[in-house]
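Please open the structure in your viewer and keep the selection tool ready, as this tour goes from stop to stop and says at each one what to select and what is there.

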Amino acid sequence: MKLAVATAGISSFALLYAPQPVLPQLAEQYHLDPGSASLAVSVATGALAISVLPIAALSEIIGRRPVIIASVTLSVVLGLLLPFAPTYPLLLALRALQGIAIAGFPGVASAYLVEQLGQTGVAAAVGAMIAGNTVGGMLGRLSAGFTAESFGWHGALAVVAGVALVCTAVTIRALPGGGRARGTRSGNQLGTVVTGLGAALRSRVLLVQYGVAMLAMGGFVAMYNAAGFRLTGEPLNLSPAVASLVFLAYAVGSVSSSNAGRLVARFGRPRAVLGGLTVMAAGILLTLPDSLPLVVAGFLVLTGGFFAAHSVANGWAAAEAPEGARGQASGTYNLAYYLGSSVGGTLGSVVFAHAGWSWLVGVAVLWLALGGLAVVSLRAGSTRSRTGRRTTSPSHPTA
C-alpha cells in the first residue's frame, strides 16, 4: 500500500508541476510575461481545485481505489500528449484537463489512508504520503529543468511523462482495495454526500486548516513560480539547468513532512503548524539579498517549513473529519490547497513581474501571517472554552 501511494504521488506531482522550471522558456517562445507564463502551472492547479471536491464526493459512492486508478491513468495519458500541443492556448487546455484528472489522487488519498490504517498513526501515514509527493514534485521539476536545454521544453515534458508512466504502472499493480463505496445500499446517495459536505464545512477546526492550506500553498508556489526568472535573470544569471537545482530543496521538504508525526507528538498540532509557518517566513526573507548562497538557503528553509506545516494541517484535517465526511473534508482541504496554488501562484507572479522580488516576498509573508493568526485564534477559542465539550482538537492528540 505504501509503495502504491508513494508512486501515485510521484506520478501526480511530477506531472502537475513539470512546467514550472521551463516557464522562462515558455515565456520566451510565446512572448509572455511571467504572469502569463505561470498559467501553465496555475491552470492545472486551478482545474484541480475546482474538481477535487466533486471527485472526493464521488469516491464516497464508488470507493477510493477506482478513483485513484482512474486519476493516475488519465493524468499520464494527458502528460504524454502535452509535448505535441502546437499552440499555447491548446497547451493550457490540455493542462486544465490534466488538472482535473490529477484531482482524483490528492482528493481522496488521505481518506483512503484513514480507512486502510484507522485513526491511530494517521499523522505519520499522511506525512509519509506527502514525503512521496515531494519526491514527485522534485523529480518532475529536476527532470524538466535538466533536459530543457538539450531537448527544449517539449522534450522536457515528454521525459517527465515517461517517468510518470512507469510510476503509474506500479500503482495499478500494487494498490490494495480502497475504502467501501458508501451509499450503495441506499437510494439517497446524493443526500449522504451533501450531508457529509455540510459537516466538513461546519467545523471551526477544519475551516482553519483549509485557510492554512490555501495561504501557505499560495506563498510557496508564488515563490517557486518566480524562482526561475530570479535565478536566470540579473544579477544571478544562472543557466536554466543550474537554476533548476533549486528544486533539490524538496528533499528537505520530504524529511520535514515525514517527521510530521513526531512534531505533533512533541509540540501538539497548533504549535507544529505555527512553527512551520514561521520557518517558512524566515526562509522567504532570506531570499531578499542578491546573494546566491542566501537565496539557496532561503528556499531550503522555506521548503522545509512549508511541508512541515502542510503535513500537520493535512493530518489534523483528516483526523478531525467526521466519519461520514472524510472524503468531503479531504476534498475541501485540497480545494483550498490547490486554489491557493492557482490563485496565489498567479498573483505572486504578477506582483513579481510588475513590482519585483521584494514585493513578492512581502506579499508571501503577509499571507503566512494571516494563516498564523487563524491558528492562534483557534487556540484562543479552545482555551476560553470551559464546558465539557471541546471546541477544537486537543493540542496533543492521539491520532
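In which helix is Phe146 found? Select Phe146, and you are in helix 8, where helices are DSSP runs of H or I with at least four residues, strands are runs of E with at least two, and both are numbered from the N terminus. What you have on screen is a predicted model, in which local features need pLDDT of at least 70, side-chain atom pairs count only at pLDDT 80 or more, and totals for chains, interfaces and linings use all residues. Residues are numbered from 1 along each chain as its sequence is written, and side-chain values use heavy atoms, with hydrogens and water left out.

**The surface patch**

Phe146 counts as partly exposed because its relative accessibility is 43%, buried meaning under 20% relative accessible area, exposed over 50%, and partly exposed in between, with a 1.4 Å probe and protein chains only. Add Val242, Leu245 and Leu248 to the selection, and together with Phe146 they make a nonpolar surface patch of about 330 Å². Patches are made of residues with over 30% relative accessible area and no salt bridge, like charges being joined within 9 Å and nonpolar side chains (Val, Leu, Ile, Met, Phe, Trp, Tyr) within 5 Å. Accessible areas come from the Shrake-Rupley method with a 1.4 Å probe, and for residues only the protein chains shown count as cover.

**The largest cavity**

Next, turn to the inside. Rolling a probe the size of a water molecule over the atoms shows where empty space is left. A cavity is a set of points, on a 1 Å grid over the protein atoms alone, where a 1.4 Å probe fits but cannot get out, and lining residues have an atom within 4 Å of a point. Grid points are joined across faces, edges and corners, and a volume is the space filled by probe spheres set on the points. There are four cavities of 30 Å³ or more, and the largest cavity has a volume of about 210 Å³. Select Phe13, Asn133, His310, Tyr337 and Tyr338, which are the closest to its centre of the 23 residues that line the largest cavity. Two or more lining residues come from each of helix 1 (2-17), helix 7 (104-117), helix 8 (122-174), helix 10 (204-232), helix 15 (292-320) and helix 16 (326-355), and helix 8 gives the largest share, six residues. By class, this lining of the largest cavity holds 15 nonpolar, seven polar and one charged, where Ala, Val, Leu, Ile, Met, Phe, Trp, Tyr, Cys and Pro count as nonpolar, Asp, Glu, Lys and Arg as charged, and the others, Gly among them, as polar.

**The second largest cavity**

The second largest cavity has a volume of about 80 Å³. Select Pro21, Gly228, Pro240, Ala243 and Ser244, the closest to its centre of the 13 residues that line the second largest cavity. Helix 2 (23-30), helix 10 and helix 11 (240-243) each give two or more residues to this lining, and the largest share, four residues, comes from helix 10. The lining of the second largest cavity has eight nonpolar, five polar and no charged residues.

**Around helix 2**

Select helix 2, in which Leu23, Gln25, Leu26, Ala27 and Tyr30 are buried. Helix 2 is followed by His31, whose phi is positive, near 55 degrees, and His31 is exposed, with a relative accessible area of 73%. On the other side, in the loop between helix 1 and helix 2, select Pro19, which is buried at a relative accessible area of 3%. The C-alpha atoms of Pro19 and Ala40 are separated by 6.5 Å, although the two are 21 residues apart along the chain.

**The salt bridge**

Which residue forms a salt bridge with Arg230? Select Asp290, and the closest N and O atoms of the pair are 2.7 Å apart, a salt bridge being a side-chain nitrogen of Lys or Arg within 4 Å of a carboxyl oxygen of Asp or Glu. Arg230 lies in helix 10 and Asp290 in the loop between helix 14 (269-286) and helix 15, so the pair ties together parts that are 60 residues apart in sequence. Arg230 is buried, with a relative accessible area of 7%, whereas Asp290 counts as exposed at 53% relative accessibility.

**After helix 10**

Finally, select Pro235, in the loop between helix 10 and helix 11, where a cis peptide bond with omega about 0 degrees joins Glu234 and Pro235.

Definitions and conventions:
On a 1 Å grid over the protein atoms alone, a cavity is a set of points where a 1.4 Å probe fits but cannot get out, and a pocket is an open set with protein on both sides within 12 Å along at least five of seven lines; lining residues have an atom within 4 Å of a point.
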